[in-house]
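Let's walk through this protein together, one question at a time. Keep the sequence and the 3D view open as you read.

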Amino acid sequence: MRLKNKSAVITGGAGGIGLASAEKMLAEGVKGILLVDLNEEDLKKAVAELDSDKVSYVTADVSKNEDVKKYTEKAVELYGRIDILFLNAGIEGEVKPITEYPEKMYDKVMDVNVKGVWLGMKHAFPYMKESGGGSIIITSSVAGIQGTANVSAYVTSKHALAGVRKVGALEGAEHNIRVNSINPSPVDNRMMRSLEEGFAPGNAEQAKKSFENTIPLKRYGKNEEIADLAVFLASDESQFITGARHVIDGGMTV
Ligand code: NAD
């Protein structure tokens, strides 16, 4: 019961890592969770899977100011405060060299992956200040630490999150708001299926093997393993940790 009496918001809550994190947070006694995602059908499915009256959902595009205002307001309306804000929504963009990368897609990836996180902080900070603090967790990636050819927008966006994390941690500290990031290597879920297909069209299995070979533990991470780290950062066990990046990568970046 490491999250007893805490309320949580998870963006990208209908996706692989978001849903697994909601499940772990419920098991740790969270008092309420608001799942935020784009598509209502996906959210309904996620809520049905979690099968708990502690779970609510709201559709929102994290890159839109009004939507972010709406989901933070809804969380406070439901639970009175936001103790845990898991800024996890993200998109992979396309797999193309910079010279061929569509400008529109570059903008979209930056809007969702970077601005979405910045807006989340912007709207949640006042509530967290008022209630005495909170834990903000950003899902970055190993792509926020090292480069990979042909995914320039994704890599750039995840590197940019280091800046948001650091400034957020400094501005939040006096209010007991902690800001940390999770930096996973490939995780065995939809996003990697899409990237494998992008890197090796029609030969995704081969792409997966190549990725796995770059990881000393020789496998992808699991949604549940990333969720375990999110729970730790959400809990008071990590109360002296802020501004830090937490790599979870089977040794990939060592
Ligand atoms: P996923 O695609 O299953 O989940 C991402 C979720 O974000 C989806 O449910 C999607 O609908 C939602 N989303 C996308 N754009 C949105 C928007 N504008 N507004 C609201 N919701 C939006 O993949 P995932 O792996 O669970 O991704 C979660 C996070 O983990 C992402 O930030 C991703 O970049 C990061 N990550 C993933 C991997 C991986 O290998 N899967 C590795 C490192 C980091």
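Q: Is Met25 buried or exposed?
A: In this predicted model, local features need pLDDT of at least 70 and side-chain atom pairs count only at pLDDT 80 or more, while totals for chains, interfaces and linings use all residues. Residues are numbered from 1 along each chain as its sequence is written, and side-chain values use heavy atoms, leaving out hydrogens and water. Buried means under 20% relative accessible area, exposed over 50%, and partly exposed in between (1.4 Å probe, protein chains only). Met25 has 0% relative accessibility, so Met25 is buried.

Q: Which helix holds Met25?
A: Helices here are DSSP runs of H or I with at least four residues, strands are runs of E with at least two, and both are numbered from the N terminus. The run that includes Met25 covers residues 16-27, and this is helix H1.

Q: Which residues does Met25 contact, leaving aside its neighbours within four places in sequence?
A: Contact means heavy atoms within 4.5 Å. The C-alpha atom of Met25 is separated by 8.8 Å from that of Ala230, 205 residues apart along the chain. With neighbours within four places left aside, the contacts of Met25 are Leu3, Ala8, Ile10, Val30, Ile33, Ile84, Phe86, Val231 and Ala234.

Q: Which element supplies the largest share of the largest nonpolar core?
A: A nonpolar core is a set of buried Ala, Val, Leu, Ile, Met, Phe, Trp, Tyr and Cys residues joined through side-chain atoms within 4.5 Å. The largest one has 30 residues, and Val9, Tyr71, Leu85, Met121 and Ile136 touch the most other members. Elements that each supply at least two residues of this core include strand S2 (32-37), helix H3 (65-79) and helix H4 (103-131). The largest share of this core, nine residues, comes from H4.

Q: How many residues are in the other core, which has Met25 among its members?
A: This core lies apart from the largest one, and its members include Ala8, Ile182 and Val231 as well as Met25. Its residue count is 26.

Q: What is the phi of Asn150?
A: Most residues other than glycine have a negative phi. Asn150 sits in the loop between S5 and H5, and is partly exposed with a relative accessible area of 32%. Although Asn150 is not a glycine, its phi is positive, at about 80 degrees.

Q: Where does Asn176 lie?
A: Asn176 is not a glycine, yet has a positive phi of about 65 degrees. The relative accessible area of Asn176 is 47%, so this residue is partly exposed. Its place is the loop between H5 and S6.

Q: How far apart in space are Lys122 and Lys44, C-alpha to C-alpha?
A: Lys122 lies in helix H4 and counts as partly exposed, at 47% relative accessibility. In sequence, Lys122 and Lys44 are 78 residues apart, and in space their C-alpha distance is 27 Å.

Q: What is the radius of gyration of the protein?
A: The protein has eight helices and seven strands. The globule rule (2.2 Å times the number of residues to the power 0.38, with the radius taken over C-alpha atoms) gives 18 Å for 254 residues. The protein comes close to that, so it is as compact as a globular protein of that length, with a radius of gyration of 17 Å.
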